[in-house]
Number of protein chains: 2
Amino acid sequence: MTIRCDVRAGAAVLAEDPAQWCERVRGEVERAVREFVAARCREHLGADGTAVLGEVITEFVRGGKYLRSAFLAAGWSTAAPETGATHRAAGSLELLHCFALMQDDVMDESPLRRGAPAAHTAFARWHARQGLSGSARRFGESAAILAADLCLVWAEQMLRECGADPGALARASRRYDVLRSELAVGQFRDLLNESRRRPALAEVLAVARAKSGNYTVRGPLELGAELAGASPGVIAALGRYGTAIGEAFQLRDDLLGVFGDPAATGKPVGDDIRARKATSVLLLAREHAPARRELRRLDARTTLSDNDIERYVDIVAESGARVRAERLIDQRLGEGVEALTAAEMAPEARAVLVHLARSCADRAR
Amino acid sequence: MTIRCDVRAGAAVLAEDPAQWCERVRGEVERAVREFVAARCREHLGADGTAVLGEVITEFVRGGKYLRSAFLAAGWSTAAPETGATHRAAGSLELLHCFALMQDDVMDESPLRRGAPAAHTAFARWHARQGLSGSARRFGESAAILAADLCLVWAEQMLRECGADPGALARASRRYDVLRSELAVGQFRDLLNESRRRPALAEVLAVARAKSGNYTVRGPLELGAELAGASPGVIAALGRYGTAIGEAFQLRDDLLGVFGDPAATGKPVGDDIRARKATSVLLLAREHAPARRELRRLDARTTLSDNDIERYVDIVAESGARVRAERLIDQRLGEGVEALTAAEMAPEARAVLVHLARSCADRAR
């Protein structure tokens, strides 16, 4: 990785290594989110018993990969120097992601998130500790949905107040609307595929593309570039890069959902199998497994034992789905990096994008 | 009700009767919402199977009292002539309200809304009709939460794109943020009070004040006035009016929750009793009923039969809670109308506000 000199405001600044850049930006973004959330809690959570909402949200925003914010900041850096506005805009995507995860865990009935209690689990436990009446589970789910609402509202407010140029903000807001709507619609399509006895691989991949392509990689990148006033050419190149890397990200996610190490992912072994998710890897296996009949028999069971899960993982591994997914990931990674060569941008931004692409494609959590 | 001449742009226009105004504005707002939602559906709901999201949302926005939009338009009319921007801004509050109701019905497990299937019921039935697998109830709840998300996101977009003056919109957005955050926090406080064995009357009334005061009456009014560039004096007077009328609205709601006619409210008899809601009227009864011991015995039962509900309603009626609540409503109505006398505004706007105050205080649904 070459390190170049970045001449800004007359002073020679040694540009960072991309990994250092990621670490520093993560710290700045996390601080911006924490400050914003603390201000909202002071503003809205004064009433008796409501402090727990702030505690759960604050705990939630501390974790995670901060990937969407990194892509926003990287997109921004292709066109303008990073400022406090960059970190606030990037932070708003982390709050949006908290919204999505909190809701998702309720819908999937996942008790854990990143190895710690999911928001609804935390609220249910609080309900029990407080000695409240009624169902703790139901209380936890409702409270998590409301905490997610606050994250969604605060995310939009944080973006609107980030301090970017008003014209650029207006253009970016339109993209933000699309991103948020597609996030909800993508969740619905997921829900639908999980309720279909035999969802089509093409539809599952289309949803994965819409969700990760736009929401995780491409959307944040384009948003950052737009906020910083990037040229249409750069935005278009980032769009191509984002689509390819988003797919690589999703394919890796699907591999981790079957083969991931619980210690790294914070999720139980074979989590997607247990949750009967229709992921690309599971569908590839169902299409190609020599033991597809056994897979179908396992699919028909109402509950799966730990032994069933273990056997399921083995069948998927033997089916060739794993190798095919890895090959697809490599292909997308190549396409993504290739898309950057045509666009004019600061070399540091390019280096960061190449680094981020690799971390998306090849990660353990 | 006096009808006055409104001289605007040199032409004498016969001002409407307040009831006509309400009906006309409702029509305009409903059309604006329908158009906006249709455009969003075209933009985001092209994928296979997603059209049902648009159908449920469109069906949902057709119903309701359109009270919040009326208050926004009335607030606007105190300072500037009504335009298409008024209707779009007002419509955004109806979409926000759809979000709140869809979520609320999931949390309360209410199968009906306005006598028709609630959103989660509609989605659950669709799940069954489509022959999908898994729990229809769980699918319905998740889909309703996602449809609510879309309403929340689209509401904000509709307000931002309404066409109001950018400076006024920026000031109004700050109020909008407060309104949305307080809506979610108010829901959480409600949830908490329902989980408390003996919530304090003061806390229940404080929540009712925060929820209806700000969200149903005061918030929409101030938002409309701010968008139209009203003076701080008028906004302050509307704030006092809004607080009083908001309380009257909530007290009436609580009376209807016990004594309402199902044919008018679209809810079963004694709905709040069945749902074990801690409303002002039920708390007043529990504090004052001569038969409080019987009330407590009924409260301790895990399920209430139709006979129990009937007996419960009788006890509340005999307790004097009904009379006390009616007296409080009259008092708040007087205070609200009184607050308007100090403020300078078009006489038509004042007449509409008096009319709206009466409809909030004295309604059957």
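Q: What rotation superposes chain A on chain B?
A: This is a predicted model. Chain A fits onto chain B with an RMSD of 0.1 Å, and the shift along the axis is 0.0 Å. That is the relation of a two-fold axis. The rotation is 180°.

Q: What percentage of the interface residues of chain A are also interface residues in chain B?
A: The copies meet through the same surface. This follows because the two sets of interface residues overlap, with a share of 98%.

Q: How many residues of chain B are in contact with chain A?
A: Chain A brings 43 residues to the contact. Chain B answers with 42 residues.

Q: Which helix gives the largest share of the side of chain A that touches chain B?
A: Helix H1 (18-44), helix H4 (84-108), helix H6 (136-160) and helix H7 (166-195) of chain A each supply at least two residues of that side. By class, the side has 13 polar, 13 charged and 17 nonpolar residues. The largest share is 14 residues, and it comes from H7(A).

Q: Where does the largest nonpolar core lie with respect to domain 1 and domain 2 of chain B?
A: The largest nonpolar core holds 230 residues. Among those with the most contacts inside it are Met102(A) and Met102(B). Domain 1 (16-163) and domain 2 (198-365) of chain B both give residues to this core, so it lies between them.

Q: Which residues is Met102(B) in contact with, leaving aside neighbours within four places in sequence?
A: Met102(B) is listed with Ala147(B) and Cys151(B) among the residues with the most contacts inside the largest nonpolar core. Its contacts are Phe60(B), Ala119(B), Ala144(B), Ala147(B), Ala148(B) and Cys151(B).

Q: Is Val258(A) buried or exposed?
A: Val258(A) sits in helix H9 (residues 232-259) of chain A. Beyond four places in sequence, Val258(A) touches residues including Gly270(A), Leu282(A) and Val316(A). A residue counts as buried if 20 or more other C-beta atoms lie within 10 Å. Val258(A) has 24, so it is buried.

Q: How far apart in space are Val258(A) and Glu310(A), C-alpha to C-alpha?
A: In sequence, 52 residues separate Val258(A) and Glu310(A). In space, C-alpha to C-alpha, the distance is 10.0 Å.

Q: In chain A, where is confidence lowest?
A: Chain A averages a pLDDT of 90, and 95% of the residues score at least 70. Confidence is highest in H6(A), at 98. Over residues 1-14 of chain A, pLDDT stays under 50. The lowest mean, 39, belongs to strand E2 (residues 11-14) of chain A.

Note on methods:
Residues are numbered from 1 along each chain as its sequence is written. Chains are lettered from A and ligands numbered from 1 in the order in which they are written. This is a predicted model: local features need pLDDT of at least 70, side-chain atom pairs count only at pLDDT 80 or more; totals for chains, interfaces and linings use all residues. Two residues are in contact if their C-beta atoms, placed from the backbone, lie within 7 Å. Helices (H or I, at least four residues) and strands (E, at least two) are DSSP runs, numbered from the N terminus. Ala, Val, Leu, Ile, Met, Phe, Trp, Tyr, Cys and Pro count as nonpolar, Asp, Glu, Lys and Arg as charged, and the others, Gly among them, as polar. A nonpolar core is a set of buried Ala, Val, Leu, Ile, Met, Phe, Trp, Tyr and Cys residues joined through C-beta atoms within 7 Å. A residue is buried if 20 or more other C-beta atoms lie within 10 Å of its own, exposed if 12 or fewer, and partly exposed in between; C-beta atoms are placed from the backbone. Domain bounds come from an automatic or database domain assignment. Copies are superposed by least squares on the C-alpha atoms of residues with pLDDT of at least 70 in both. pLDDT is the predictor's confidence in each residue, from 0 to 100.
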